[in-house]
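Please read the following remarks with the coordinates open beside you.

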Amino acid sequence: MASEHGTGPRPAAEQQPEWPDPERLREVTGKLAAAPPLVFPAECETLRTRLAAVARGEAVLLQGGDCAETFATATQESVAGKLRTLLQMAVVLAHGAALPVVKVGRMAGQFAKPRSQAFEERDGVRLPSYRGDAVNAPGFSVRERTPDPARMLRMYETSSTTLNLVRALTTGGFADLAQVHEWNRAFVAAAPSGWRYERLADEIQRALAFLRACGGDTRPLATAEFHVSHEALLLDYERALTRTDPQTGRSYGTSGHLLWVGERTRRPDGAHIDYAAGVRNPVAVKLGPSVTADTVLRYVDRLDPDREPGRLTFVVRMGAERVRDLLTPLVEKVGAEGALVCWVCDPMHGNTFVAPSGHKTRHFDAIADEVKGFVEVHRALGTHPGGVHLELTGDDVTECLGGSSTVGPADLPRRYETACDPRLNQAQALDLAFLLADWYRAG
């Protein structure tokens with residue numbers, strides 16, 4: 001089978017399920033190939049334009065959502081909760097940074113996850129690992145853990161429903177700036193450490209009052225531009241939803257606006273980078289602490305050969321203790337090559353540990369420190385700290401420690417609801433937004 005943009009064979013793909021029925025897989029991918037696109041080329045081009053502003057230092061990216069979406073939680077309440085949290089954070093960041101905020105959700109496609117082990121063993125029973133609802137179910141039985149390609153059809157349908165909800169909410173008054181600010185004022189009033197944020201909240205309140213007093217047009221403030229993203233992990237799904245725009249002849253991954261290649265699948269000559277190189281969407285690559293500057297430059301040459309701002313984003317996930325040392329040479333080398341990429345901080349994955357209770361968790365202080373270190377590196381180099389990429393929810397979960405919600409180790413079992421990795425709850429996410437706004441302002 002030909003490569004996405006060449007005549008040779010495709011490289012082998014990592015982290016793919018072992019589908020037991022090839023004929024059933026062909027049937028499912030055939031249906032996906034005939035289905036309507038979930039997103040459209042013009043929307044992807046709009047996001048490229050917005051991300052170009054981030055790359056030039058004229059905007060900030062806020063990207064966030066579930067570690068792994070599930071079919072059961074793709075409800076209006078859950079989608080609205082995540083959207084509300086991101087909108088609240090965006091208002092705070094826009095005021096602190098004095099820049100537009102590009103809002104992107106980890107939504108409508110984040111149903112598959114890479115795993116460190118292909119199999120899981122319990123009491124002598126060995127079954128395939130849970131790879132997300134797009135592949136199998138979390139229950140530990142042969143039926144639930146057997147990869148089923150029909151789940152990709154449900155992934156498509158659930159993603160479509162989520163996108164419809166997002167579009168309706170962002171254009172139907174839910175995103176009105178005055179309402180979002182009132183949500184933030186309620187948070188400041190109720191949070192134990194809310195006094196730390198009163199000054200910034202008051203400044204936003206005065207700015208809105210000034211705009212109304214001057215007779216400014218507030219109608220554009222009643223809606224919000226919002227895009228969706230996910231890790232392009234299941235290549236059977238992504239390739240089936242790749243479309244050629246008849247007007248331009250360019251290929252787009254129509255499963256989401258922004259697609260990224262994860263830490264476990266970013267081999268420069270691998271199938272996932274090959275796929276990302278063949279689509280016109282804005283694309284991103286996660287960079288962990290083992291990455292070298294030479295490897296990063298290979299990504300630039302492969303994914304952004306024309307050096308177009310907005311095409312390529314690097315999402316760094318180094319860990320709080322290492323980001324200040326490891327990030328600097330990467331930014332310097334990429335800058336020396338003349339590439340204008342978006343640099344974004346993922347402060348979640350490099351700060352994960354297992355609590356005594358057995359729960360995978362992260363501490364808010366480490367998350368905040370990695371973001372602060374990321375900003376400090378860019379300030380020292382005179383480059384732009386482009387934004388953050390977070391795992392978060394709008395619910396009052398107890399998955400990450402610390403923050404103004406004061407989640408302690410004993411609280412973890414109370415509402416530990418994630419399908420994979422621990423997420424910031426709404427209060428912790430807003431804590432981080434207020435801190436980041438201050439760091440941008442200080443710069």
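The numbered points below take up the cores, three helical regions and one strand residue of this predicted model.

1. The largest nonpolar core holds 114 residues, and the members that touch the most others are Tyr237, Leu287, Phe314, Val334, Trp343 and Leu424. Separate from this is a second core of 15 residues, which includes Leu47, Ala55, Val315 and Val344.

2. Helix H2, which covers residues 41–55, contains 15 residues, and the distance from its first C-alpha to its last is 21 Å, close to the 21 Å expected at 1.5 Å a residue. Its buried residues are Cys44, Leu47, Arg48, Leu51, Ala52, Ala53, Val54 and Ala55, and among these Leu47 and Ala55 are also members of the second core. Just after H2 comes Gly57, whose phi is positive at about 85°.

3. Helix H6 (residues 177–190) and helix H7 (residues 198–213) have axes that come within 10 Å of each other and cross at roughly 155°. Because angles over 145 degrees count as roughly antiparallel, H6 is therefore described as roughly antiparallel to H7. The crossing of H6 past H7 is left-handed. On the H6 side the contacts are made by Leu177, Ala178, His181, Glu182, Arg185 and Val188, and on the H7 side by Glu198, Ala201, Asp202, Ile204, Gln205, Leu208 and Arg212.

4. Is Thr313 buried or exposed? This residue lies in strand E10, residues 312–316, and it counts as buried because its relative accessibility is 1%, where the cut-off for buried is under 20%. When residues up to four places away in sequence are left aside, Thr313 touches Leu51, Val283, Ala284, Val285, Cys342 and Val344. Of these neighbours, Leu51 is one of the buried residues of H2, while Val344 is included in the second core.

5. Helix H12 (residues 364–381) has 18 residues, which should span 26 Å at 1.5 Å a residue, and its end C-alpha atoms are indeed 26 Å apart, so the two values agree. The buried residues of H12 are Phe364, Ile367, Ala368, Glu370, Val371, Gly373, Phe374, Val375, Val377 and His378. They pack against strand E10, helix H11 (323–336), strand E11 (342–345), strand E13 (360–362), strand E14 (387–391) and helix H13 (426–442). Just after H12, Gly382 adopts a positive phi of about 75°.

6. Strand E10 links two of these points, as Thr313 is placed in this strand and the buried residues of H12 pack against E10.

Methods
Residues numbered from 1 in each chain as written. Predicted model: local features only at pLDDT ≥ 70, side-chain atom pairs only at ≥ 80, totals over all residues. Heavy atoms only, no water. Core = buried A, V, L, I, M, F, W, Y, C linked by side-chain atoms within 4.5 Å. Buried < 20%, exposed > 50% of the residue type's maximum accessible area, 1.4 Å probe, protein only. Helix = DSSP H or I, 4+ residues; strand = E, 2+ residues; numbered from the N terminus. Expected span 1.5 Å × (residues − 1). Axes fitted to C-alpha atoms, helices over the stretch in contact; angles between N-to-C directions. Parallel < 35°, antiparallel > 145°, perpendicular 65-115°, else oblique. Left-handed = near helix turned anticlockwise from the far one by under 90°. Contact = heavy atoms within 4.5 Å.
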